[in-house]
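I opened the file today to look up a helix pair and two loop residues. My notes follow.

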Amino acid sequence: RMSVVGFDFGNESCVVAVARQRGIDVVLNDESKSETPALVCFGDKQRFLGTAVAASSLMNPKNTISQIKRMIGRPFADPELQQDLKALPFSVIEGPDGFPLIRAQYLGEVKTFTPTQILGMVLSNLKSIAETNLNAAVVDCCIGIPVYFTDLQRRAVLDAARIAGLHPLRLFHETTATALAYGIYKTDLPENDQLNVAFVDVGHSSMQVCIAGFKKGQAKILSHSFDRSLGGRDFDEVLFKHFAEKFKVEYKIDVYQNARACLRLRAACEKLKKVLSANPEAPLNIECLIDEKDVKGFIKRDQFEQISIPILERVKKPLEKALSEAGLTIDSIYAVEVVGSGSRVPAIIKILMEFFGKEPRRPMTASECDARGCALECAILGPTFKVREFHVNESFPFSIAFSWKVAAPDAQSGAAENQQQTIVFPKGNQIPSLKALTFYRPGTFSVDVQYADVNEVQAPAKISTYTIGPFQCTKSERATVKVKVRLNLHGIVSVESATLLEEEEAEVPVVKKSASEGGKMDTDEAPTDVPPSTAETDVNMQDAKGTADTPGDDNGVPASGDKPAQMETDARVKVPKKKVKKTNIPVKELVHGGMLTADLEKAVEKEFEMALQDRVMEETKDTKNALDSYVYDMRNKVHDSPLASKSV
C-alpha cells in the first residue's frame, strides 16, 4: 500500500500529516511533538536535524542553519533576503551564479551548501519521521508552499524534494490547503448559494489571505493576497530591540556583539510574546547573558502593542486587497478562519474582528491545518484511498506573459527587431491550465516566459527561455508552428511541445458504385481504397466532414438518398484532399537561476553520503551505549553475587 503524506515546511517549524483509513493524522516526532524545528546543524562528525538540533543550536550557532524558507530560490541581492541575513548568526555568501551559498564547518572543513540542499535535508528528516510512524517507505507526497512563491522558488522546492528522495504529486498553496481541510468535512454546504469564507494565515515570517467560495462538493478560490515579511518573528524582533536597548542602558551590555547572547535573547522574547498572548503583563529573566551578568525585564501587553504599531498597521492591506480582488463586500463574508503560529497575538485578532465585523475563529489545530490539507490533496490525487468527492478550483496569483522578437515593419530585412509580448496566463487563471499558441516563423526562434508585473512578484522578470527548432519550411517562407504551453499543478509554467503544421494536397482514389448497388454505398467498403490514414489525416477528415453541406461518409461519398442518375457506373475518380502533416519540433529549456541536472545529481549523491555518515555515527553511539549497559549490568550482577565478598 502506498503512503499518503502531506508536508507543511515552515520558516521556523514543520508539520507532517498522513492519511489513514479513519482520516488524517498528524505525526509526532521522537519528542512526541507535532511541530519539528526546521533546523540543520553541522558538527565535527555528523549532521543533526530537527529536534536533535534544538539542544545544540545555542552551543553551535554559527553552524546551525535556520529560516531556510526565506532563502530558497532568491538571488543574493534580493533586498528582503539581505534584511533577513542581518539577523542570522551563520555565514551566507554570494555564489558565482548570484545566488546565496551557506558556509558551515562540517567534518573539520569549511563547506558551502545551497539553500536547496539544506531544504533537502529538512525534507529528508520529515520523510524519516513519516516513515517511522507508518513503518513503510514514503515517496509520493504533497508539499505546502506560500502562494507568493515564484516559479524559481517552486522549482527549487521540487529539486529539494528530489534530493530527499520524494516525489511531490503537487505543490499546494498553504491557504488553499487550509480551505480544503475546512470544506471537505462540511456536510451542510449549500447546493446553489455560495458560502464565502476568508482564511488568514499569519505564520512565522509572512501573512497570507485567501477568500474561497464554497458549494456542496466544491471550493473556488476567489482571491489571494499576502505580505511576504509580516509574521510572528516581527513581533519577536520588536521585543528584542526593546530589551536590547534597555539592557544597554541598565546593564551596559551590547547583545549585538555576541551571537549566542542574541540567540538567547530572541528565544526569551519569543516565550515572552506567547505569555503576553494570554496575560496582561510578563517578566523576562536571563541568567549570565553576557559577562556573567543576569538581566531582568518587564513589559505590559499595552506597551507591547504600542511598540508593535508599525507592524499591526500593515495587517489591513492584504485583507483589503483580497476582498477587492474577490469582488466582494464585508457583508458577503460568511466566516473568518485564522491559522498559523502568529495568529495567537490578540492585537491581530482585534484588527480582524474590526475589519470583518465578526469574531474570527481559530481552530484548535491552527498550526496543523496546512499539513492536513496537503495530506488530503495527496489522498485525492493518489490511488490509495477513496476520498469524498470535493473539487478545489485553484487560481494562480500572478500574470504570466510570453515575449518574442518580431521584425519591425518599417525596417529592412534583418535590420531591426521588436519585442512583442502577450499575457498567456492572466492573474486568477485556473491551475492547472493548457493553452496553444500559433507562430509563423521561417526557422528556429526563441520565446521568453516572464512576469507581466514585476512589482507584485518582487523577482527578476524573466523566468525561462525556450528555443524552438530547428525545423525547415518546405512550402512557404514562413512555417506554421503550434506551441503548447502548460501551467501545471505545481504552478510552474513551461512549453510542453512544439509542432510543425504543413498542409499537403493528396489525390485520393474513390470508387463510386452504380445505382443498382446503392444499398452498399453507406458501408465501410469505400474507404478500403484509401491509403492507411494517419492521425493527421483523421484531423483533416473531421475538417472535411465539418464543412460538408450534405450527409455522406468521410471521403465525400454521397449518401444513399441521392439520385442514382447523377452517378457514373463503376467510375474511379481522384478526389483532391487537404492533409495536415504534423512534425514534432525539438524544444530546449533554459530556466534562469534554475539548478542544472548535473548539479542536482551531485546534490543527491552528496545527501546520500551525509545520510550514510549520520547513520554510521548513530550506530556507533548505539553500540557504545549497549556496551556501557552491559558493563553496568555485569558489575551489578557480580556485586550482588555471593562470591562478591571473596573476589579480589
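**Notebook: a loop histidine, a loop isoleucine and a helix pair**

I began with His490 and noted that the model is a predicted one. Leaving aside neighbours within four places in sequence, I found His490 in contact with Arg154, Leu158, Pro168, Leu169, Arg170 and Leu171. I placed His490 in the loop between β26 (479–487) and β27 (493–512). A polar atom of the His490 side chain lies 3.1 Å from the backbone nitrogen of Leu171.

Is His490 buried or exposed? Its relative accessible area is 13%, and under 20% counts as buried, so I entered His490 as buried.

Next I looked up the helices. I read that α3 (residues 115–134) packs with α4 (residues 151–163) at an angle of about 55°, the axes being 8 Å apart. That angle makes α3 oblique to α4. The crossing of α3 past α4 is right-handed. From α3, the contact is made by Thr116, Gln117, Leu119, Gly120 and Leu123. From α4, Ala156, Val157, Asp159, Ala160, Ala161 and Ile163 take part. Sorted by class, I have seven nonpolar, three polar and one charged residues in this contact.

Last came Ile72, which I found in the loop between β7 (64–65) and α2 (79–85). Ile72 is buried, because its relative accessible area is 0%. Which residues does Ile72 contact, leaving aside neighbours within four places in sequence? I listed Pro115, Thr116, Leu119, Phe149, Gln153, Ala156 and Val157. Ile72 and Leu119 are 47 residues apart along the chain, and I noted 7.9 Å between their C-alpha atoms.

Methods
Residues are numbered from 1 along each chain as its sequence is written. This is a predicted model: local features need pLDDT of at least 70, side-chain atom pairs count only at pLDDT 80 or more; totals for chains, interfaces and linings use all residues. Side-chain values use heavy atoms; hydrogens and water are left out. Axes are lines fitted to C-alpha atoms, for helices over the stretch in contact, and angles run from 0 to 180 degrees between N-to-C directions. Helices (H or I, at least four residues) and strands (E, at least two) are DSSP runs, numbered from the N terminus. Angles under 35 degrees count as roughly parallel, over 145 as roughly antiparallel, 65 to 115 as roughly perpendicular and the rest as oblique. A crossing is left-handed if the near helix is turned anticlockwise from the far one by less than a right angle, and right-handed if clockwise. Contact means heavy atoms within 4.5 Å. Ala, Val, Leu, Ile, Met, Phe, Trp, Tyr, Cys and Pro count as nonpolar, Asp, Glu, Lys and Arg as charged, and the others, Gly among them, as polar. Buried means under 20% relative accessible area, exposed over 50%, partly exposed in between (1.4 Å probe, protein chains only). A polar contact is a pair of N or O atoms within 3.5 Å; within protein, one must be able to donate a hydrogen and the other to accept it, and residues adjacent in sequence count only if both atoms are side-chain atoms.
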